[in-house]
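Me: I've got a model open and I'd like to poke at the labels people put on it. Can we go through them one by one?

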Amino acid sequence: MTETTQTRTTSPGDGSGPRSPEYRLAMDALSGLREDLFRDAFAYRPLPRPAADGPWARRLPARLRPYAARIPYLAVAAVALLAFYGGLAGGMNDGPLALMSGMVCAAPVLATLVRPVGAFWMSMAATPVVALLGSSWGDWPWLPGAFICHLAVLVIVAIRTRPRTAVWMWGLTAAYGFVNESFWGAGHYGSNSSPLLVLAAFALLVISLWHIRRDARRQVTAQETVTAHERSRRTLLEERTTIARELHDVVAHHMSVVAIQAEAAPYRVENPPEELERAFATIRENAVAALTELRRVLGVVRAEDYEVPDAPQPTLADLDGLLANVRDAGLSVEKAVTGAVRELPPGVELSAYRIVQEALSNTLRHAPGATARVEVSYVLGGLGLRVVNGPLPATSFVKPSPGAGHGITGMRERVSMLNGEMTAAPTDDGGYEVAVFLPVTAVNEGDA
């Protein structure tokens with residue numbers, strides 16, 4: 001048995017072989033030309049109305065700002081009127097042909113308001129029509145009206161589209177001028193294609209740079225928005241990690257106490273029943289298992305350089321020491337406690353202490369030298385906190401040093417964790433106030 005192998009030779013024109021980079025570049029260019037100037041060329045694309053409070057409107061005098069939305073339309077109408085008079089000046093006489101020439105020059109300019117790409121093709125078609133209706137031995141192939149019309153259309157369409165479209169329009173204009181001068185320009189004194197192309201190139205270059213700058217600014221704004229969002233999320237995660245670490249220390253302490261008490265309880269009773277010993281053993285085993293699992297799970301949120309604090313987590317009983325440290329830092333602060341002081345759950349005590357600590361730290365950063373007041377209210381159903389500081393003194397020699405914005409985020413996260421409520425806003429006298437309510441559910445003896 002013999003096996004025959006056939007080799008198929010592909011020719012460059014059959015479309016099956018690999019294409020050269022030059023060929024692909026040419027095809028991409030033609031595809032861009034079709035997309036920009038041929039596909040839906042006469043589609044209805046009205047000029048968007050500019051905002052009355054936009055960047056251009058804000059630069060106008062106050063009495064003209066209500067009319068800012070009409071300025072683009074008035075500007076296009078003024079250019080169309082100029083092209084109309086240019087078409088009248090290039091006509092053979094003052095009769096209907098001159099009027100028709102003016103209207104042919106003005107129509108493409110007005111069309112840029114609703115059909116920008118179609119207006120370019122109308123302007124290209126209007127140029128030979130105006131040349132037939134008019135007579136000029138010096139201006140060829142662009143008579144005065146056609147010159148004004150086409151230059152205005154190039155500028156307006158370039159503003160309304162994108163830089164690539166401007167390049168295609170300029171290239172087609174140059175090709176038209178070259179062909180016209182080569183075949184029909186011999187009987188004229190001179191050509192004005194070069195001045196038109198130079199003016200159009202300069203105008204389109206400026207507009208393209210404006211487009212690029214605007215797009216770059218939009219990208220930067222979008223990136224800044226994404227960065228700010230990511231920074232906010234990172235701040236929130238950092239605060240949650242901090243809270244998780246602190247709560248781990250609190251819960252670990254209490255679970256350790258439960259395990260020790262469960263282990264020691266049988267030895268405090270003489271001849272305890274076997275069922276009681278098994279119950280305490282079960283309690284201890286569950287407490288140790290829960291503590292081990294808690295440490296394993298929460299260990300992932302601890303940084304490598306995190307060290308477990310030697311002292312227990314602070315509570316509201318440690319507020320006096322905190323206020324003393326703040327006074328040593330130069331902040332004049334007073335404390336007021338209302339209601340029946342009682343022991344609260346460890347999580348509430350810790351969160352309340354951290355909220356007061358962060359609020360006073362914000363006062364030191366944002367209003368150095370100001371006075372502050374801390375109010376702790378033990379009310380029915382929860383705990384109320386209010387930290388308010390006065391305005392920055394005019395004679396203060398210490399400048400404010402704002403932080404990264406973690407403080408308010410951390411306080412809100414702690415309050416949200418406890419299903420509380422918080423408001424933080426400037427006061428009428430230029431200071432700042434943080435008000436927090438942390439609910440505390442009463443525990444009945446029967447539920448314990």
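Reply: Sure, here is a run through a few labels and the values behind them.

Me: Before that, what is the pLDDT average of the protein chain?

Reply: This is a predicted model, and the protein chain averages a pLDDT of 80, with 80% of the residues scoring at least 70. Residues 1-15 have a pLDDT below 50, and that stretch has 5 contacts in the model beyond near neighbours in sequence. Residues 444-448 are also below 50, with 0 contacts of that kind. Where pLDDT is low, the predicted coordinates shouldn't be read in detail.

Me: Okay, on to H5. How do you know that its end-to-end span agrees with its number of residues?

Reply: H5 covers residues 116-133, which is 18 residues. The expected span uses 1.5 Å times one less than the number of residues, so H5 should span 26 Å. Its end C-alpha atoms sit 25 Å apart, so the two agree.

Me: Where is the kink in H5?

Reply: At Ala126, where the kink is about 25°. The proline Pro128 follows shortly after that point.

Me: And which residues of H5 are buried, and what covers them?

Reply: Buried takes a relative accessible area under 20%. The buried residues of H5 include Phe120, Met124, Ala126 and Leu133. Among what covers the buried residues of H5 are helix H1 (21-38), helix H4 (96-111), helix H6 (144-160) and helix H7 (163-184).

Me: You mention H1 and H7. Why are those two called roughly perpendicular?

Reply: Their axes cross at roughly 95° and come within 10 Å. The band for roughly perpendicular is 65 to 115 degrees, so H1 and H7 get that label. On the H1 side the contact is made by Ala29, Gly32, Leu33, Glu35, Asp36 and Leu37. H7 brings Arg164, Thr165, Trp168, Met169 and Leu172.

Me: Now the loops. What makes Asp40 exposed?

Reply: Its relative accessible area is 54%, and exposed means over 50%, so Asp40 counts as exposed. Asp40 is found in the loop between H1 and helix H2 (55-58). Its phi is near 50°, a positive value in a residue other than glycine.

Me: How do you know that Asn419 is exposed?

Reply: By the cut-off again: exposed is over 50%, and Asn419 has a relative accessible area of 67%, so Asn419 is exposed. Asn419 lies in the loop between helix H12 (406-417) and strand E4 (421-426). Phi of Asn419 is near 60°, again positive in a residue other than glycine.

Methods:
Residues are numbered from 1 along each chain as its sequence is written. This is a predicted model: local features need pLDDT of at least 70, side-chain atom pairs count only at pLDDT 80 or more; totals for chains, interfaces and linings use all residues. Side-chain values use heavy atoms; hydrogens and water are left out. Helices (H or I, at least four residues) and strands (E, at least two) are DSSP runs, numbered from the N terminus. The bend at a residue is the angle between axes fitted to the seven residues ending there and the seven starting there. Buried means under 20% relative accessible area, exposed over 50%, partly exposed in between (1.4 Å probe, protein chains only). Contact means heavy atoms within 4.5 Å. pLDDT is the predictor's confidence in each residue, from 0 to 100. Axes are lines fitted to C-alpha atoms, for helices over the stretch in contact, and angles run from 0 to 180 degrees between N-to-C directions. Angles under 35 degrees count as roughly parallel, over 145 as roughly antiparallel, 65 to 115 as roughly perpendicular and the rest as oblique.
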